[in-house]
Amino acid sequence: MASFVSRLHQAIRTKKTAALVGLDPRWEQLPARIRRAAEEMYDDPAAAKAAAFEEFCVRLIDVVAPLVPAIKPQAAFFEELGPDGSVALARVIRYGRAQGLIVICDAKRGDIGSTAEAYARAYLAGEDPQAAPYAADALTVNPYLGEDTLQPFVELCQKREAGIYVLVRTSNPGAATFQNHQNCEGQTLYEQVSETVEKLALQAGFDGSYGSIGAVVGATYPRELKDLREKMPHVPLLIPGYGAQGGNAADVAAAFDSAGLGAIVNSSRAINFAFRSPAYAESFGEKQWEAAAEAATRAMIADLAANTPAGQFMVDSKEA
């Protein structure tokens, strides 16, 4: 059996990039043709939106699957639609895995005792896509109910060769409201969480220096990202905030080791809806939204290669 982090690293080496494409379908921003087709097929608005989300994400997966190692569906956009949306989310995850992608479901689950166990069983399929209804390789998890709430997820990661990414230093502007609170020794809350995550990373599925218990650390806080990389040497990082939220490749460079591993960098809106951005609207437009998404993905890959140690993959490829 192969651990989550082993599968992730193999995918990164194969695709020669640590770029992660988030799937954030938003009804108003979808191409008009997809929306119209769904509305003509379904009378129920939720069913129509769920069908449109599924079509959009499947087509986007077809675009990015040859280019990147992983995708990150955002569960909230699907769950908003009720049962139809949940079914669409499950189908999108399974489709991504069928295309050979690592799938990280961004649901930020977290609860106590048996409810945490239920969340873990629902989402964490790990190596075998048939092991859980939502079939994800990994899941984002909220730790702020305490360390004991993480243990059920860690135990299932061990059992199913799955992974989790624990929220440590998130990319949103208001993150400091709670995460920067200090204890009497002057240690911030997010630093205390990072210590727990580093300890847990030593418990589940290793590949080289990294375990399968990861951390979410935003690109929008590059100084903290550098410090946390040092505090969590065995923890793979998931880095949101690149692109539309303002983070750039230079901001995330410290997350990688010299071999180009240790992190995966997410971009969602800037790729999903690239056809609406000034950089691609004139060249592609809405009718060529898939081509615009491909161009934006390739631009991200090139940016990471040029400005982070992830460029090591390109050097190795040329030498080979």
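This is a short walk through the structure above, from its barrel to a few individual residues.

Hi everyone, and thanks for having me. One thing to keep in mind as you look along with me: this is a predicted model.

Let's begin with the overall fold. The model has a closed barrel of eight strands, in the order E1-E2-E3-E4-E5-E6-E7-E8, and the pairing is parallel. From one strand to the next, the twist averages 30 degrees. Helices pack on this sheet too. Helix H1, residues 4–15, touches E3, E4, E5 and E8, and its direction makes about 130 degrees with that of E3. Helix H5, residues 83–98, touches E1, E2 and E3, and here the angle with the direction of E3 is about 150 degrees.

Now let's zoom in on strand E1, residues 19–23. Which strands does E1 pair with? On one hand there is E8, residues 263–267, which pairs with E1 in the parallel sense over three bridges. If you want a landmark there, find Ala-19, whose bridge partner in E8 is Val-265. On the other hand there is E2, residues 70–73, which runs parallel to E1 and is joined to it by four bridges. Two landmarks help here: Leu-20 stands opposite Ala-70, and Gly-22 has Lys-72 as its bridge partner.

What about the side chains of this strand? In a regular strand, side chains alternate between the two faces of the sheet. In E1, Ala-19, Val-21 and Leu-23 point one way, while Leu-20 and Gly-22 point the other way. Is E1 buried or exposed? Five of its five residues are buried, so the strand is largely enclosed by the rest of the structure.

Next, a residue many of you will want to find: Lys-108. UniProt lists Lys-108 under "active site", in an unreviewed entry. You'll find this lysine in strand E3, residues 102–109. Lys-108 is partly exposed, with a relative accessible area of 38%. That value falls between the 20% cut-off for buried and the 50% cut-off for exposed. Which residues does Lys-108 touch? Setting aside residues up to four places away in sequence, the answer is Gln-74, Thr-140, Val-141, Asn-142 and Leu-167. Closer along the chain, the side chains of Lys-108 and Asp-106 are joined by a polar contact of 2.7 Å.

Asn-142 gives us a nice link to our next stop, Thr-149. Thr-149 also contacts Asn-142, along with Asp-111, Ile-112, Ala-116 and Pro-143, leaving aside neighbours within four places in sequence. Thr-149 sits in the loop between E4 and helix H7, residues 151–160. Although it is in a loop, Thr-149 counts as buried, at 1% relative accessibility. A polar atom of the Thr-149 side chain lies 2.6 Å from the backbone oxygen of Gly-146.

Last topic, cysteines. How many disulfides does a search of the whole structure find? Zero. Take Cys-57: its nearest cysteine sulfur belongs to Cys-105 and is 11 Å away. Likewise, Cys-105 is in no disulfide, and the nearest cysteine sulfur to it is that of Cys-57. For a disulfide the two sulfur atoms would have to be within 2.5 Å. Cys-57 is buried, at 1% relative accessible area, and Cys-105 is buried as well, at 0%.

That's the tour. Thanks for listening, and I'm happy to go back to any part of it.

Key
Residues numbered from 1 in each chain as written. Predicted model: local features only at pLDDT ≥ 70, side-chain atom pairs only at ≥ 80, totals over all residues. Heavy atoms only, no water. UniProt positions renumbered as here; feature names shortened; annotations may be inferred. Buried < 20%, exposed > 50% of the residue type's maximum accessible area, 1.4 Å probe, protein only. Contact = heavy atoms within 4.5 Å. Polar contact = N/O pair within 3.5 Å; in protein donor to acceptor, adjacent residues only side chain to side chain. Pairing = 2+ DSSP bridges. Axes fitted to C-alpha atoms, helices over the stretch in contact; angles between N-to-C directions.
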